[in-house]
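Reader: I have a model open and want to go through its packing and its ligand site. Can we take it piece by piece?

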Amino acid sequence: MNNIYPVNDYGPLMPGLVMAAVAIFHVFLAQFAVGGGFLLCYFQWLAMTDRNPNARIFIHGYFKILVLISFVLGALTGVGIWFTSIQISAVTIGEMVFNFHWIWAAEWTFFCLEVVAGYCFYRYHDRLTDKACMVLLVLYTFAAWMSLFWINGILSWQLTPGDWVQTGSIVDGFFNPSFWPSLFFRTVVCLTLASLAGCVVVNIIPDLDRDAQTSLINRSAHLMIPMLLMPLLGVWFLFAMPEDSRQWVLGGSPAMMLFFMISVGASVAIGGYAVVGLWMQRLYINGATGTLLILLAFGATAGGEFVREGSRKPYSIRQVVYSNGIRPQDVAELRKTGCVTDDPFPVTFEKTLPNDIVTTGAKVFRRQCAVCHTVEGSNAVVHLTESWDIDQQRMNIAKLQQTKPFMPPFAGTPQELEALVQYVRWVQAGRPAEWLKTLDEQALQQITGWLDDAGTEPAQARRKSASAATREQK
Ligand code: HEC
């Protein structure tokens, strides 16, 4: 039940952010690959119906870039996600694989189809008939979009598991409350990215005059038309989110709100440029502007993914697993048995721990805090607690879910909590060779009281049950 998988240490980098950074790159590339399929089908149609004399040249140039970028980097970052997530979030990944292995198998099957169709097109398109090319492109696009379809169900389930929590049904989990808004929103993003990339590619193709370039760019910009739906889809998604998550985004957490604003702002900038520049004035976009727009789109994607991931806190799978891999129903038990009692893994990153108390503290930190904090780097516990005296440190950690509602409740014994505090203080004191060898009984009693006060439920549930209780009293 409580298998321990130590979180890898990335020095000053917060493990959660390392995983997020790899994931954001991957999502960006993968969405580009999906949208690229649609764009190529469109241009193949333009070529076959003689609507644009340079459509074929475009397809050739675009596919080279699409293949290079999305197949090579997309596959590498895809492996990177698995590699980092098992080092950081093994319990969560385990839960996802356990519940959705057939969905994942389906996703990989479609990914294979996508690669095969894409490769055949890349290798043979100049020898095939127009019709055969179209079949390959449609196959490629369908497979790519279907892999988005499958993975979208798993990712949206993390935020809104919906009825699955009660029924355990894969269908309920897959078609969860945020499934459709998320799928449509991502599809629009895919089309937009592909369209922007199209504008850049046009500038790289040699031997095209300005008129030819402009007409290709304006064609490519057609894939940005669905962007008009974005505000609607965004609001739909926000409404599908659980209320507390929505609150984080809409002001409850300044960082989250900032990223949300970045995402919205960048999207509005791109959309505005598309409407005014490309459709109303039929402008030409040079390579630099196109690249800038793509960077903006990257910012929008990064902001959006950060918000989607962040708004799940304190969970990595809502109501099922906390971000640190501990399950809500195990917290009460862990308060009695301890969270590192059975932790067999040595603390490799601290070579000079002075005694068992500090070692235990380091392990507690690794088990419960290390996903979201570092010791001394980013979001460092040592700095966050610097201005507190020892009792404030004990109390605020004992009442972790009240200290900041996006943290899970503390899930260990009072002895472990005190060991954690001692570990933090030992680092704050400059890692001396000697440190306190016995725990203070009085402090332990006080910690026990604070832990009992805080309870074992997460902040939001507690607040909700408190208000439900007052409602019942009335
Ligand atoms: C789900 C991620 C997550 C986990 C797990 C987590 N924290 Fe936090 N913690 C945060 C975030 C985010 C902040 C906000 C940082 C800020 O305000 O700049 C924070 C803030 C804090 C603060 C500062 C609070 C304040 O009022 O300024 C302390 C202290 C802290 N965490 C300690 C811990 C300890 C100790 C653990 C492990 C027992 C832990 N956290 C586990 C995410 C987490």
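Reader: At what angle do the axes of α4 and helix α7 cross?

Author: Keep in mind that this is a predicted model. Helix α7 covers residues 179-204, and its axis comes within 9 Å of that of α4. The two axes cross at roughly 135 degrees.

Reader: Is α4 parallel, antiparallel, perpendicular or oblique to α7?

Author: Roughly antiparallel needs an angle over 145 degrees, and roughly perpendicular needs 65 to 115. The crossing here is at roughly 135 degrees. That value fits neither class, so α4 is counted relative to α7 as oblique.

Reader: Which residues of α7 meet α4, and how do the residues of that contact divide by class?

Author: α4 brings L148, F149, N152, G153 and S156. Facing them in α7 are F179, S182, L183 and R186. By class, the contact of α4 with α7 divides into four nonpolar, four polar and one charged.

Reader: How is α1 oriented relative to α4?

Author: Helix α1 spans residues 15-48 and helix α4 residues 130-159. Their axes come within 8 Å and cross at roughly 160 degrees. An angle over 145 degrees sets the class, so α1 is, relative to α4, roughly antiparallel.

Reader: Left-handed or right-handed: how does α4 pass α7, and how does α1 pass α4?

Author: Take the pairs in turn. α4 passes α7 in a right-handed crossing. For α1 passing α4, the crossing is left-handed.

Reader: What is the class make-up of the contact of α1 with α4?

Author: From α1 come A33, V34, G37, F38, L40, C41, Q44 and M48. The α4 side includes D130, C133, M134, Y140 and W145. By class, the contact of α1 with α4 has 14 nonpolar, three polar and one charged residues.

Reader: How are α18 and α19 oriented to each other?

Author: Helix α18 (residues 414-428) and helix α19 (residues 441-454) have their axes 9 Å apart. They pack at an angle of about 110 degrees. P414, Q415, L417 and E418 in α18 meet A443, L444, I447, T448 and L451 in α19. Angles of 65 to 115 degrees form one class, so α18 and α19 are roughly perpendicular.

Reader: Which element gives the most to the side of domain 1 that touches domain 2?

Author: The chain is divided into domain 1 (15-322) and domain 2 (329-473). Across the boundary, 11 residues of domain 1 are in contact with nine of domain 2. Both α1 and α10 (243-252) supply at least two residues of the domain 1 side. With three residues, the top contributor is α1.

Reader: How far apart are the C-alpha centres of domain 1 and domain 2?

Author: Domain 1 is assigned to 15-322 and domain 2 to 329-473. Their C-alpha centres lie apart by 39 Å.

Reader: Which peptide bond is cis?

Author: Look in the loop between α12 (287-310) and β1 (315-317), where P314 sits. Omega is near 5 degrees. The cis bond runs from K313 to P314.

Reader: Which residues come nearest to the ligand?

Author: The ligand has 22 residues around it. α14 (356-369), α15 (381-384), α16 (390-398) and α17 (400-403) each give two or more residues to this shell. By class the shell has 12 nonpolar, eight polar and two charged residues. Nearest of the 22 are S323, Q368, C369, C372 and L384.

Methods. Residues numbered from 1 in each chain as written. Predicted model: local features only at pLDDT ≥ 70, side-chain atom pairs only at ≥ 80, totals over all residues. Near = placed C-beta within 6 Å. Helix = DSSP H or I, 4+ residues; strand = E, 2+ residues; numbered from the N terminus. Nonpolar A, V, L, I, M, F, W, Y, C, P; charged D, E, K, R; others polar. Axes fitted to C-alpha atoms, helices over the stretch in contact; angles between N-to-C directions. Parallel < 35°, antiparallel > 145°, perpendicular 65-115°, else oblique. Left-handed = near helix turned anticlockwise from the far one by under 90°. Contact = placed C-beta atoms within 7 Å. Domains from an automatic or database assignment.
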